[in-house]
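The following questions and answers examine charged pairs and helix packing. Please consult the sequence and the model while reading.

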Amino acid sequence: MKQYNVTGMSCAACSARVEKAVSRVPGVTACSVSLLTNSMGVEGTASPRAVIAAVEGAGYGASEKGADAGRKSPGAGEAEDVLKDRETPALKRRLIWSVGFLLVLMYFSMGHMMWGWPLPSFYDDNHVAMGLTQLLLTVIIMVINQRFFISGFRSLWNRAPNMDTLVALGSTAAFVYSTYALFAMTRAQVDMDMDAVMMYMMEFYFESAAMILTLITVGKVLEARSKGRTTDALKGLMKLAPKVAAVVRDGVETEVPVDQVQKGDVFVVRPGENIPVDGVVLEGTSAVNESALTGESIPADKAAGDTVSAATLNQSGFIKCRATRVGEDTTLSQIIRMVSDAAATKAPIAKIADKVSGVFVPAVIAIAVITTVVWLLLGRSVGFALARGISVLVISCPCALGLATPVAIMVGNGMGAKNGILFKTAASLEAAGRTGIVALDKTGTITSGEPRVTDILPADGVTEDELLHLAYALERKSEHPLARAILQTAEERQVAAEEVMDFRALPGNGLTARWNGAALAGGSLNFIRTQADVPAAVQSQAERLAEQGKTPLFFSRDCTLAGIIAVADVIKEDSPQAVRELQDMGISVVMLTGDNERTARAIGMQAGVDEVIAGVLPDGKESVICRLKQKGKVAMVGDGINDAPALTRADIGIAIGAGTDVAIDAADIVLMKSRLSDVPAAIRLSRATLRNIHQNLFWAFFYNTIGIPLAAGVFIPLGLTLNPMFGAAAMSLSSFCVVSNALRLNLFDLRNARKNKKRNIKHKEEPTTVEKTMKIEGMMCGHCEARVKKALEALSEVEQAAVSHVAGTAVVTLKAAVSDDTLKKAVEDQDYTVTSIQ
């Protein structure tokens, strides 16, 4: 997506006009314009020149973001330029000058005439001079606020009227009629018709024209300040990025601007300094505060080989690092770019306001004209009828409609970024709150993804230390993932490392070696039975471990069983609590895993999930997500390359931040902290943002629904009328109220589970399915499971097959009728024996 700055927009009608114009450019596949950040995102093959020409043809200005920025640091580059508030200072200057001249004008028009405040003797009985003074002061204020007129009438000329058009028409109408009244009064004074003079003086609306412009400017200042606060979270993040880095070149430490650091450079960071770029630690140890990126307040310990990120704070030790990501490639820059891209996209709910905004201004102009004509036909004076028409023009506010969604999205995105939750698009922030089912990948998501030793069970006559010692000696040369768990435990207990002889790894079976003259063996139960006698009690013990989701590894010495070491991928500490929070929110939690049924059930029981789907191969996760989507909105949470298709297929893909780049690229939401408790937090934030958007839209529609009839004089029989000045004040406050309401999201505690609100999520009825359980002999390992599963799922009638070589079963879910013979043939063609089908 290419990003552009857009100038000259003042309301939702403007953004709709720009979006429409750019969407017509050949090669543009998608276009999204943000009124909040005055930016535009364009997808497709259209050239920047063609896009900019389309914007300029619509009456606005455009420039490509970062065209001259180069590859700068996050603190000084493109991202900071996007978030810089240029609007508020200019509006403040306009407001100060406008208020100064308005006070003088009000002194003449209201103070003297209504309360008898003193004036120079020159004005005594000189009504023409009084009128001319008011006219000149009003002209000055109109010149100060000329932007309303330039933008408003240019948009009208381009047949795309906007909010500025309403303001310009309202104030121009008041000024023109007042000028006519001034000339008519001058004629009456020449004719010495004092009654007519006094009548025309009462028809002056100079102060209304000036007050409308000033009050709208007040509203613009308040709105601009509030809009500026919506990006406070990102601005604070960028301020953390240092401007310089201490780089070691040719053995000499040199301080250089951070945008001159290159990939591969060695840099040093002292205690209390921020890390300038992403890198890997070469020397030293330290505790690094990563709360700026992840929201985690507890510092992370760093040593040689660990990665560090830009904008994080080195708290304790001196470290030397090598730069791995610089400029726009750092984690910080990616976060800023992700949030900026999200701000440039539109949530589906915003389409309601866009459709209304597209016809809103022309409709208001038509209502104003009709109002004026109707009151004239009813016999009211021109001044009265015109006041009603002007009130309709100035009270109508398309800005409130246009800002209702983007300000809430921006604040929600900022809150998420501050807490380590990144929403890639506005649509993902909206959709997350409507999730009804969360599918969790087991490894790395519910569990830590790293096997750990959970039990050490020595045989009779063998101590725990002896068992661990011989297991450590045997497993040191193994490359199996489970071996690392034993090595880690042995190293933590400072077990002495000893070399073995004649080491052999037997694929799918186990390990053998000689150690201090003794024959060692280790592996599965089936393998160890060929090496030593395994008592029934020990086998029962191993069965219980397997039922708990653990993998029992057997070890023997000189054909005698030495004991069992159980290894498991343990669940993360926060996983059960996260699952409970999701369930409390009315969300069904499903766990997907390639493990066998028994292991999967054990992990699922510990985590507390609603459903476990086991035996799912990497390419089968996508089909499971498709089936779950038949029940409701599905969010998929994963971290690996094999999760990418499922993340893409789900309604919402959520990637664990410590996962692979492929998974992160495929996801809609990225969790920087890699902890499952951020999933309910993200959904909670999404729901709060949705509520805020609904409140803003209600206020915007309600305000216009009540305000326009009130301004038109519909409620005059009830004694309710509206002066144009009060209409302008109401218009100014409407946008301010919408933006202020969105800022309340900054106070929302997204980790407070007490704020959970169950939603009545309607799950679609699951299509009727039939399950058959096949008893199969001959399966020995996970590869056997995969072959049987692939053969069964190749049948068009089979939805999925959960295969376990431990239980010797295949649970087949059918979506259509199929004969037992067909199922049996599919399995036996793979050289396995089917003993029964139930």
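Q: Is Arg684 buried or exposed?
A: In this predicted model, Arg684 has a relative accessible area of 3%. Burial requires a value under 20%, so Arg684 counts as buried.

Q: Which residue meets the side chain of Arg684 in a salt bridge?
A: Side chains of opposite charge can pair when their charged atoms come close. For Arg684, the N to O distance of the pair is 3.0 Å, and the cut-off for a salt bridge is 4 Å. The partner is Glu581.

Q: How many residues apart are Glu581 and Arg684?
A: Glu581 lies in helix 22 (residues 575–584), whereas Arg684 lies in helix 27 (residues 678–712). The pair therefore links distant parts of the chain, and Glu581 is buried at a relative accessible area of 9%. The separation along the chain is 103 residues.

Q: Which residue forms a salt bridge with Asp678, and where is that residue located?
A: Asp678, in helix 27, is buried with a relative accessible area of 0%. The closest N and O atoms of its salt bridge are 2.6 Å apart. The partner stands 73 residues away, in the loop between helix 28 (724–743) and strand 27 (770–777), and is Arg751.

Q: What is the exposure class of Arg751?
A: The relative accessibility of Arg751 is 28%. The buried class ends at 20% and the exposed class begins over 50%, so Arg751 counts as partly exposed.

Q: Which residue of the salt bridge between Arg434 and Glu430 is buried?
A: The two side chains meet with an N to O distance of 2.6 Å. Arg434 has a relative accessible area of 32% and is partly exposed. At 5% relative accessibility, the buried residue is Glu430.

Q: How many salt bridges does a search of the whole structure find?
A: Among them are the pairs Arg434 with Glu430 and Asp678 with Arg751. Salt bridges that share partners also join Arg476, Lys477 and Glu499 into one network. The total found is 17.

Q: What is the orientation of helix 21 and helix 23 to each other?
A: The axes of helix 21 (residues 536–547) and helix 23 (residues 597–607) come within 8 Å and cross at roughly 60 degrees. Helix 21 contributes Glu543, Ala546 and Glu547 to the contact, and helix 23 contributes Arg598, Thr599 and Ala602. These residues divide into two nonpolar, one polar and three charged. The crossing angle falls outside the roughly parallel and roughly perpendicular ranges, so the orientation is oblique.

Technical notes: Residues numbered from 1 in each chain as written. Predicted model: local features only at pLDDT ≥ 70, side-chain atom pairs only at ≥ 80, totals over all residues. Heavy atoms only, no water. Axes fitted to C-alpha atoms, helices over the stretch in contact; angles between N-to-C directions. Helix = DSSP H or I, 4+ residues; strand = E, 2+ residues; numbered from the N terminus. Parallel < 35°, antiparallel > 145°, perpendicular 65-115°, else oblique. Contact = heavy atoms within 4.5 Å. Nonpolar A, V, L, I, M, F, W, Y, C, P; charged D, E, K, R; others polar. Buried < 20%, exposed > 50% of the residue type's maximum accessible area, 1.4 Å probe, protein only.
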